[in-house]
Amino acid sequence: MNEEEERAQKFVERHFPVTARFLAAERGEGPAPVYGPTGVQNDHDDQPAPWVTVNVAYRVSRWELLAALAAGYATANEQQDPDMMTVTEIRTNVEAFLADTATRDLDDMVEEVAAKVERGEDQAQMEALRRAMDRAYPVAAPAPVPRPASSTVTLDTIDHGPVTFDCPPWCIGHGWQAGQGIGRNDITHNSVEVKATADTYSYGLQNLLRVWMSWAPFVELVPRVVVELDLQGEYEAEEIAHLAGVLRTAAVRMEKVAAEAIRLRGEAS
């Protein structure tokens, strides 16, 4: 290592200690950050009384981690948006795949994923999986993202004429209300929708949940949460466990949107 490389390495070690430890582990020079276990593998209803719980630690590179996530994601919930997955869901997919495969098979998965990335196949999905991986297994703490400033919007209303108001950063805009003959009290800020879907044998892909923040600033004091749940039908008994899992995911996502609405009360007041 020359003098310039040594200075660069010391700079990384001083300012990005987590990154430095991970890079050192990649070179076999030290311990890597430890994540998990998130849950217990081989845990099912017909399992006999457990005798012991065996923990096995995998030390994996970023490519191996991405390959494990891609394989676990494809097996468990391919219809779910990776950007909407929780950290627990991401880590559970990785751990489940590693528990079900041998380390010697991981090399083949890495080559397959790397080749897919190089060829540009499923580029959007692979990028989403990479973002999910970085959220669940961060190399370094992300820099804070500055919130965009509120924008000013003017809408024509039938009772107060042109109404100018501040649009909060989380609002998707008011194009859907322009020219619709609305009153001032109808002016509503909406956030992006968070969804939960289930791929079922009986009915195909079903959208079980839509949830978003909504705030009518001339009527309501604080943002509220709109929830639309849709699940009705006759299903094969084997599908119920999957549907129950999606509903648990939906509950987590509703709680997240609600928590964000509560956090934003200070800005709305």
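Q: How many helices and strands does the secondary structure of this chain come to?
A: This is a predicted model, so let's start with its overall make-up. Running from the N terminus, the elements read α-α-α-α-α-α-β-β-β-β-β-β-α-α. Counted up, the secondary structure comes to 8 helices and 6 strands.

Q: What share of the residues of the chain counts as buried?
A: The cut-off for buried is a relative accessible area under 20%. The chain has 269 residues, and the share of them that counts as buried is 32%.

Q: Which helix gives the most residues to the largest nonpolar core?
A: The largest nonpolar core holds 24 residues, and those touching the most other members are Leu 69, Ile 90, Val 94, Phe 97, Val 113, Leu 129 and Tyr 137. At least two core residues come from each of helix 3, helix 4, helix 5 (103–119) and helix 6 (123–136). With 8 residues, the helix that gives the most is helix 3. As background, nonpolar side chains in soluble globular proteins tend to be buried together; the helix asked for here is helix 3.

Q: What distance does helix 4 reach from its first C-alpha to its last?
A: Helix 4 covers residues 87–100, which makes 14 residues. At 1.5 Å a residue, 20 Å is expected, and the helix comes close to that: its reach is 20 Å.

Q: Which residues of helix 4 are buried?
A: Some residues of this helix have already come up: Ile 90, Val 94 and Phe 97 are among the core residues that touch the most other members. In general, an α-helix has 3.6 residues a turn, so residues three or four places apart point the same way. The buried residues of helix 4 are Glu 89, Ile 90, Asn 93, Val 94, Glu 95, Phe 97 and Leu 98.

Q: Which residue in strand 2 stands opposite Ser 151?
A: Strand 1 (residues 151–157) pairs with strand 2 (residues 161–167) in the antiparallel sense, over 7 bridges. The two are joined by a hairpin of 3 residues. Opposite Ser 151 in strand 2 stands Cys 167.

Q: Which residues make up the covered face of strand 4?
A: Strand 4 spans residues 194–200 and has two faces. The uncovered one holds Lys 195, Thr 197 and Asp 199. The covered face is made of Val 194, Ala 196, Ala 198 and Thr 200.

Q: Which residue in strand 5 stands opposite Ala 198?
A: Strand 4 pairs with strand 5 (residues 204–215) in the antiparallel sense over 7 bridges, and a hairpin through 3 residues joins the two. Ala 198 belongs to the covered face of strand 4. Opposite Ala 198 in strand 5 stands Gln 206.

Q: Which residues are linked in a network of salt bridges?
A: A search of the whole structure finds 4 salt bridges. In one of them, Arg 210 meets Glu 193, with the closest N and O atoms 2.3 Å apart; because Arg 210 lies in strand 5 and Glu 193 in the loop between strand 3 (189–190) and strand 4, the pair ties together parts that are 17 residues apart in sequence. Arg 210 also forms a salt bridge with Glu 228 (2.3 Å, N to O), a residue of strand 6 that is 18 residues away from Arg 210. The linked residues are therefore Glu 193, Arg 210 and Glu 228.

Q: How many residues apart are Arg 263 and Glu 260?
A: These residues form a salt bridge, with the closest N and O atoms 2.7 Å apart. Arg 263 is partly exposed at 43% relative accessible area, and Glu 260 is partly exposed at 28%. Both lie in helix 7, about one turn of the helix from each other, and their separation is 3 residues.

Q: Is Val 56 buried or exposed?
A: Val 56 sits in the loop between helix 2 (17–26) and helix 3 (62–76). Together with Trp 51, Val 52, Val 54 and Tyr 58, Val 56 makes a nonpolar surface patch of about 650 Å². Because its relative accessible area is 63%, Val 56 counts as exposed.

Q: How far apart in space are Gln 232 and Leu 208, C-alpha to C-alpha?
A: Gln 232 lies in the loop between strand 6 (224–229) and helix 7 (240–263), and is exposed with a relative accessible area of 71%. In sequence, Gln 232 and Leu 208 are 24 residues apart. In space, their C-alpha atoms are separated by 9.4 Å.

How values were computed. Residues are numbered from 1 along each chain as its sequence is written. This is a predicted model: local features need pLDDT of at least 70, side-chain atom pairs count only at pLDDT 80 or more; totals for chains, interfaces and linings use all residues. Side-chain values use heavy atoms; hydrogens and water are left out. Patches are made of residues with over 30% relative accessible area and no salt bridge: like charges are joined within 9 Å, nonpolar side chains (Val, Leu, Ile, Met, Phe, Trp, Tyr) within 5 Å. Accessible areas come from the Shrake-Rupley method with a 1.4 Å probe; for residues, only the protein chains shown count as cover. A salt bridge is a side-chain nitrogen of Lys or Arg within 4 Å of a carboxyl oxygen of Asp or Glu. Helices (H or I, at least four residues) and strands (E, at least two) are DSSP runs, numbered from the N terminus. Buried means under 20% relative accessible area, exposed over 50%, partly exposed in between (1.4 Å probe, protein chains only). Two strands pair if DSSP finds at least two bridges between them. The expected span of a helix is 1.5 Å times one less than its number of residues. A nonpolar core is a set of buried Ala, Val, Leu, Ile, Met, Phe, Trp, Tyr and Cys residues joined through side-chain atoms within 4.5 Å.
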